[in-house]
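Work through the exercises below with the sequence and the model in view. Try each task before reading its solution.

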Amino acid sequence: MGDRFDAVVVGAGAIGLTTAVRLQQAGARVAVVTAEPSAATTSSVAAAVWYPTRTRFEPRVLDWATHTYDEFARQAANGVPGVVMRPTRMLLRGEAPGVPWWASALPDLRTLRSDEVRAPFSGGWAFTVPTVEMSRYLPWLQQTFSAAGGTLIHRRIDALEQAGVWAPAVVNASGLGARALCGDTEVRPVRGQLVLVANPGLHTSVRDEDNVDGYTYVHPRSTDIVLGGTFEIGEWDTTPSPATASAILRRCTELLPELAGAPILGHQVGLRPHRDGGVRLEADPRPHGRVRQLVHNYGHGGAGVTLAWGCADAATALVAGAVRPG
Ligand SMILES: Cc1cc2nc3c(=O)[nH]c(=O)nc-3n(C[C@H](O)[C@H](O)[C@H](O)COP(=O)(O)OP(=O)(O)OC[C@H]3O[C@@H](n4cnc5c(N)ncnc54)[C@H](O)[C@@H]3O)c2cc1C
């Protein structure tokens, strides 16, 4: 097959597809190789609300998050399928910590007034963020990639060197797969379970992450509501637990009593690609067989959608030297 492409991206989740699209926009001929179809990735399960869940502050992370916010806001304004701007309330218990580190990425974050908060909450923030329905957005990304001449290859690789058969430059966007492909034991699953219910007419996302009984959020979408959740580090089981689902329903209904009796539409579990040291986005200087340039873009944990476009830009800049224009 030789160097039919300038770059190959390993992974067809949110990180891989956004990176592939950006590489094309930089003039590269791009292939994506993936073990699973997009609809079977962690990305397809994501509640996919812009929010840097359990992500530590670093200037580059804030930069990626800000660029991603701006890109989704543009896409929402342009009617890209599945992308909407949604009002959100983050409710806080205990001492309110001022504004969050990511506040500067948003145009409208404000502290809730005392008349907007009731016990057991002590405060909170209101803001507007992009919400992405991945069942519509991943197909749109894939279509955008194909329409620009991209090739999707369904293949599981056992080593990153193998991707060198398609192109001299490789972007590793394999999410949890990087644990095996890079021997990176810092990469671990963080299991997340969701319950999907019919929407009784809610519009605003609500978060109660300090709940001692469990991580709690309610994210309305166009035809349903995502209720969450769990954040189970090191847990690989993708079978929904009925007990966990009942606990999620109870917590969310306590938060928003309007949800009582909403018909259950489904249960989902996904494994977030957590990395202890944070996202790995860098060029790898070590030789990898016939691969001339290897760029890693994995380990986005619970914030892959939130960081996707910013990371795609950064990864593309790292590959750019290996990309032929036009
Ligand atoms: C319940 C839940 C809720 C979430 N909510 C949000 C949210 O609201 N906001 C947010 O920003 N994020 C959220 N996330 C996190 C988000 O889903 C992830 O950060 C993101 O999907 C990671 O994308 P990715 O492309 O790196 O990985 P994935 O989507 O897992 O894609 C990895 C790709 O690599 C491929 N691959 C792996 N190994 C190989 C191999 N050996 N050979 C070939 N291909 C391989 C896979 O087939 C797949 O195509 C949530 C996650 C879960 C589970």
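**Exercise 1.** Is T316 buried or exposed? Locate T316 and list its contacts from farther along the chain.

*Solution.*
Step 1. Take the relative accessible area of T316, which is 9%. Buried means under 20%, so T316 is buried. Keep in mind that this is a predicted model.
Step 2. Find the element. T316 sits in helix α7.
Step 3. Skip residues up to four places away in sequence. T316 then touches T19, R22, L23 and A26.

**Exercise 2.** Which residues does UniProt list under "binding site", and why can they be said to gather at one spot?

*Solution.*
Step 1. Read the record. The unreviewed UniProt entry gives T42, S43, G301, G302, A303, G304, V305 and T306 for "binding site".
Step 2. Compare sequence with space. These residues span 265 residues in sequence, yet no two of their C-alpha atoms are more than 14.0 Å apart, so they gather at one spot.

**Exercise 3.** Take two residues from that list, S43 and A303. For each, find the element or loop, the burial and the contacts.

*Solution.*
Step 1. Place S43. It lies in helix α2, residues 42–45.
Step 2. Check its burial. The relative accessible area of S43 is 15%, so S43 is buried.
Step 3. List its contacts. Neighbours within four places in sequence are left aside. S43 is in contact with G13, A14, M134 and L138.
Step 4. Look closely at A14. Its backbone nitrogen lies 2.8 Å from a polar atom of the S43 side chain.
Step 5. Turn to A303. This residue is in the loop between β15 (293–298) and α7 (304–319).
Step 6. Check its burial. A303 has 1% relative accessibility, so A303 counts as buried.
Step 7. List its contacts. Not counting residues up to four places away in sequence, A303 touches Y51, P52, T53 and T55.

**Exercise 4.** Describe the second largest pocket. What is its volume, and which residues lie nearest its centre?

*Solution.*
Step 1. Recall the method. Rolling a probe the size of a water molecule over the atoms shows where empty space is left.
Step 2. State the volume. The second largest pocket has about 350 Å³.
Step 3. Examine the lining. It holds 20 residues, and L91, R118, F121, L255 and L256 lie nearest the centre of the pocket.
Step 4. Name the elements. Those giving two or more residues to this lining are β3 (83–92), β9 (205–208) and α6 (242–255). The largest share, 3 residues, comes from α6.
Step 5. Sort the lining by type. It divides into 8 nonpolar, 4 polar and 8 charged residues.

Definitions and conventions
Residues numbered from 1 in each chain as written. Predicted model: local features only at pLDDT ≥ 70, side-chain atom pairs only at ≥ 80, totals over all residues. Heavy atoms only, no water. UniProt positions renumbered as here; feature names shortened; annotations may be inferred. Helix = DSSP H or I, 4+ residues; strand = E, 2+ residues; numbered from the N terminus. Buried < 20%, exposed > 50% of the residue type's maximum accessible area, 1.4 Å probe, protein only. Contact = heavy atoms within 4.5 Å. Polar contact = N/O pair within 3.5 Å; in protein donor to acceptor, adjacent residues only side chain to side chain. 1 Å grid on protein atoms, 1.4 Å probe; cavity = no way out; pocket = protein on both sides within 12 Å on 5 of 7 lines; lining within 4 Å. Points joined across faces, edges and corners; volume = space filled by probe spheres on them. Nonpolar A, V, L, I, M, F, W, Y, C, P; charged D, E, K, R; others polar.
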